[in-house]
Amino acid sequence: MIEKKQMIEILKKRADYFCKNKISVHISLKTERWLNGYITETSDEFFMLKEFEEGEKPIFYIEILPNGLEPYTERSSK
């Protein structure tokens with residue numbers, strides 16, 4: 001099992017990659033909430049997310065579920 005510290009390091013690397021490549025993301029939080037948007041900048045403890053509906057907000061790595069940071073894919077309701 002991956003330790004909490006290792007999981008945060010993985011999330012940091014993923015966030016940095018998504019930020020640099022301007023890839024939209026889907027984030028699943030430990031509060032059972034989810035967000036979609038673009039990462040505008042990263043730091044050691046959090047990143048700034050420009051959420052599609054709520055605007056810009058900080059997201060702390062410790063708030064995210066393991067494997068809770070992934071590319072956003074729009075799903076049709078057909």
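**Exercise 1.** In this predicted model, determine how many bridges join strand S2 to strand S3, and which way the two strands run relative to each other.

*Solution.* Start with strand S2, which comprises residues 34-42, and strand S3, which comprises residues 46-51; the two run antiparallel and are joined by five bridges. Next, take one residue of the pairing as an example: Thr-42 stands opposite Phe-47 in S3. Then place the pair in the whole sheet, which is open, has five strands paired in antiparallel fashion, and follows the order S4-S3-S2-S1-S5. Strand S4 (55-60) and strand S5 (64-71) stand at the edges of this order, and because each has a single partner strand, one side of each is left without a neighbour in the sheet. From one strand to the next, the twist averages 40°.

**Exercise 2.** Work out what span the 17 residues of helix H1 should have, and compare it with the separation of the end C-alpha atoms.

*Solution.* At 1.5 Å a residue, the expected span of H1 is 24 Å, and its end C-alpha atoms lie 24 Å apart, so the two values agree.

**Exercise 3.** Identify which residues of H1 are buried, and establish what covers them.

*Solution.* Taking buried to mean under 20% relative accessible area, one finds Met-7, Ile-8, Leu-11, Lys-12, Ala-15, Phe-18 and Cys-19 buried in H1. These residues cover an arc of only 145° around the axis, which means that they sit on the same side of H1. Their cover includes S1, S2, S3 and S5, in keeping with the placement of H1 (residues 4-20) across these strands, at about 20° to S5. The face turned away from the buried side, by contrast, carries the exposed residues Lys-13 and Lys-20.

Note on methods
Residues numbered from 1 in each chain as written. Predicted model: local features only at pLDDT ≥ 70, side-chain atom pairs only at ≥ 80, totals over all residues. Heavy atoms only, no water. Pairing = 2+ DSSP bridges. Helix = DSSP H or I, 4+ residues; strand = E, 2+ residues; numbered from the N terminus. Axes fitted to C-alpha atoms, helices over the stretch in contact; angles between N-to-C directions. Contact = heavy atoms within 4.5 Å. Expected span 1.5 Å × (residues − 1). Buried < 20%, exposed > 50% of the residue type's maximum accessible area, 1.4 Å probe, protein only. Arc of directions from axis to C-beta.
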